[in-house]
Amino acid sequence: MPKVKMNRVKYPEGWELIEPTIRELQAKMREAENDPHDGKRKCETLWPIFKIAHQKSRYIFDLYHRRKEISKELYEFCLDQGYADRNLIAKWKKPGYERLCCLRCMQPRDHNFATTCVCRVPKQLREEKVIECVHCGCKGCASGD
């Protein structure tokens, strides 16, 4: 009989510090995915999922880049295991994208007239003062706000 390989993930040192928060955000994500969407627009059903994914990525980004509380090994582990969005974090490192809510808001192919999302426009330049992004429900993620 062949040996059965157990695919156990080896957690790096420091995982026990961030695990409760990650597990809590994953539970919120499952709850948001299973939440009924009666009476909501099709795009509105995805807004809580985008918000929680942003929270997880921002949490890990802040721990590594701002507060420097986790090691590079743990940071890379979180990115490799899908606990955070590698591409979104790469955009946060660039000037002008520090507060970007999601990657769809900056892709011209997803918007009319090949521009970016309305949430990327600074608040002082908007004609309408209260807006919501169609993709993720963001009310404004321009760096100048």
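**Briefing: helix α2, K68 and R120 in a predicted model**

In helix α2, the buried residues are W47, I52, K56, S57, R58, Y59, I60, F61, D62, L63 and Y64. These buried residues of α2 pack against α1 (15–34), α3 (72–80) and α4 (86–92). The structure described here is a predicted model. Its protein contains four helices and zero strands, and the notes below take the overall chain first, then α2, the loop residue K68 and the buried arginine R120.

**Overall architecture**

- The order of elements from the N terminus is α-α-α-α.
- The C-alpha trace extends over about 65 × 40 × 25 Å along its principal axes.
- The protein has 145 residues, and 35% of them count as buried.
- When contacts between residues at least 6 apart in sequence are considered, 48% of them join residues at least 24 apart.
- The accessible surface amounts to about 10100 Å², and carbon and sulfur atoms account for 52% of that surface.

**Helix α2**

- Helix α2 covers residues 47–66, a run of 20 residues.
- From its first C-alpha to its last, α2 reaches 26 Å, which is close to the 28 Å expected at 1.5 Å a residue.
- The buried set in α2 includes the aromatic residues W47, Y59, F61 and Y64. The charged residues K56, R58 and D62 are also among the buried residues of this helix.
- The partners against which the buried residues of α2 pack are the helices α1, α3 and α4.

**K68, after α2**

- Residue K68 follows α2 and lies in the loop between α2 and α3.
- The phi angle of K68 is near 55°, a positive value in a residue other than glycine.
- K68 counts as exposed because its relative accessibility is 61%, and the cut-off for exposed is over 50%.

**R120, after α4**

- R120 is located in the segment after α4.
- R120 is buried yet forms no salt bridge. The nearest side chain of opposite charge belongs to E98, at a distance of 6.9 Å.
- The side chain of R120 does reach backbone oxygens: that of G96 is at 2.8 Å, and that of C141 lies 2.8 Å from a polar atom of the R120 side chain.
- With neighbours within four places in sequence left aside, R120 is in contact with G96, Y97, L100, C105, C141 and A142.
- G96 and C141 thus appear in the contact list of R120 and also supply the backbone oxygens that its side chain approaches.

Technical notes. Residues numbered from 1 in each chain as written. Predicted model: local features only at pLDDT ≥ 70, side-chain atom pairs only at ≥ 80, totals over all residues. Heavy atoms only, no water. Helix = DSSP H or I, 4+ residues; strand = E, 2+ residues; numbered from the N terminus. Expected span 1.5 Å × (residues − 1). Buried < 20%, exposed > 50% of the residue type's maximum accessible area, 1.4 Å probe, protein only. Contact = heavy atoms within 4.5 Å. Lys, Arg positive; Asp, Glu negative; His and termini not counted. Salt bridge = Lys/Arg side-chain N within 4 Å of Asp/Glu carboxyl O. Polar contact = N/O pair within 3.5 Å; in protein donor to acceptor, adjacent residues only side chain to side chain. Areas by Shrake-Rupley, 256 points an atom, 1.4 Å probe, with all protein chains shown as cover.
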